[in-house]
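Me: Please take a close look at a single part of this model, the ligand site. What surrounds the ligand, and which atoms make the contacts?

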Amino acid sequence: MKKGKARAPRQVTIRKARMADVEPIHALITEFSRTESMLPRSRAYLYESLRDFLIAERGSTVVGCGALTIEWDNLAEVKSLAVVRPHQRKRIGTRLVKACLAEARRLGIGKVFALTSSPSFFEHLGFHRVDRESLPHKVWSDCLKCTKFPDCDELAVAIEMKVPPRR
Ligand SMILES: CC(C)(COP(=O)(O)OP(=O)(O)OC[C@H]1O[C@@H](n2cnc3c(N)ncnc32)[C@H](O)[C@@H]1OP(=O)(O)O)[C@@H](O)C(=O)NCCC(=O)NCCS
């Protein structure tokens with residue numbers, strides 16, 4: 001590199017996922033599903049849900065992902081949230097969840113929840129713990145696919161969104 005031309009640190013950007021992101025998202029979720037409390041996702045699921053997904057990108061590398069899935073009237077879930085280990089604790093997870101919340105607000109969704117074994121991560125974003133039973137039964141369909149079911153250690157957290165009243 002020429003003297004005086006130090007390269008700027010590469011920025012992490014958050015954007016909507018595209019078709020080419022499916023393989024890196026799949027690899028990221030598969031890795032964490034082996035070691036962390038995270039549901040594995042098939043490629044079929046990722047193709048079907050691709051429009052729900054956001055990714056964090058550094059250069060051309062996917063370093064994080066997360067999805068906002070509409071579950072019911074006025075209710076959406078943050079799912080499949082993961083940040084590659086070397087980039088954890090750099091607020092990338094925070095930015096992914098904030099982007100999901102912005103999307104929920106845009107859609108006029110009044111409540112967003114997550115099922116998580118890291119409730120304090122969500123609490124720093126304004127989520128609070130809720131009784132799992134307070135969520136519609138439909139949201140437990142994913143749980144049936146989990147190897148831990150029914151001995152689950154995940155807690156439910158939720159945040160109420162300020163959205164305009166419906167006409
Ligand atoms: C959970 C996860 C997405 C957080 O992403 P991240 O980019 O590392 O988190 P951030 O840097 O935005 O964290 C912000 C704050 O949340 C809290 N936090 C971060 N990770 C946490 C964790 N795993 N558990 C509890 N609190 C956590 C901390 O207070 C942190 O602030 P600090 O670094 O100043 O102490 C990431 O650790 C991850 O990918 N974990 C493995 C996959 C996983 O378990 N996914 C399921 C999550 S529901």
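Reply: What follows covers the ligand site, then two loop residues.

This is a predicted model. Start with the shell. The ligand is surrounded by 17 residues. V83, R89, R91, G93 and T94 are the closest. By type, the shell holds seven nonpolar residues, seven polar ones and three charged ones. Three elements each give the shell at least two residues: the strand β4 (75–83), the helix α3 (92–107) and the helix α4 (119–123).

Now the contacts, residue by residue. Take V83, one of the closest residues. Its backbone offers an N or O atom that lies 2.8 Å from an oxygen atom of the ligand. By its number, V83 is the residue at the end of the range given for β4 (75–83). Next comes G93, also among the closest. Here a polar backbone atom is 2.7 Å from an oxygen atom of the ligand. The number of G93 falls in the range of α3 (92–107). S120 works through its side chain instead: an N or O atom there is 3.3 Å from a nitrogen atom of the ligand. How much of the ligand does the protein bury? On its own, the ligand exposes 870 Å², and the protein buries 79% of that. As for location, the largest pocket is where the ligand sits.

Two loop residues complete the look. The first topic is D21. D21 lies in the loop that links β1 (12–16) to α1 (22–35). Is D21 buried or exposed? Its relative accessibility is 5%, so D21 counts as buried, the cut-off being under 20%. The D21 side chain also has a partner: it makes a polar contact of 2.8 Å with the side chain of R15. Along the chain, D21 and E57 are 36 residues apart. In space, their C-alpha atoms are separated by 9.9 Å.

The other residue is G59. G59 occupies the loop between β2 (53–58) and β3 (61–72). Why does G59 count as partly exposed? Its relative accessibility is 39%, and partly exposed covers values between the 20% and 50% cut-offs, so G59 belongs there. How far is G59 from V139 in space? The C-alpha to C-alpha distance is 35 Å, with their positions 80 residues apart in sequence.

To return to the ligand: V83 and G93 reach its oxygen atoms from the backbone, and S120 approaches a nitrogen atom from its side chain.

Definitions and conventions
Residues numbered from 1 in each chain as written. Predicted model: local features only at pLDDT ≥ 70, side-chain atom pairs only at ≥ 80, totals over all residues. Heavy atoms only, no water. Near = heavy atom within 4 Å. Polar contact = N/O pair within 3.5 Å; in protein donor to acceptor, adjacent residues only side chain to side chain. Areas by Shrake-Rupley, 256 points an atom, 1.4 Å probe, with all protein chains shown as cover. 1 Å grid on protein atoms, 1.4 Å probe; cavity = no way out; pocket = protein on both sides within 12 Å on 5 of 7 lines; lining within 4 Å. Sits in = over half its atoms within 2 Å of the grid points. Helix = DSSP H or I, 4+ residues; strand = E, 2+ residues; numbered from the N terminus. Nonpolar A, V, L, I, M, F, W, Y, C, P; charged D, E, K, R; others polar. Buried < 20%, exposed > 50% of the residue type's maximum accessible area, 1.4 Å probe, protein only.
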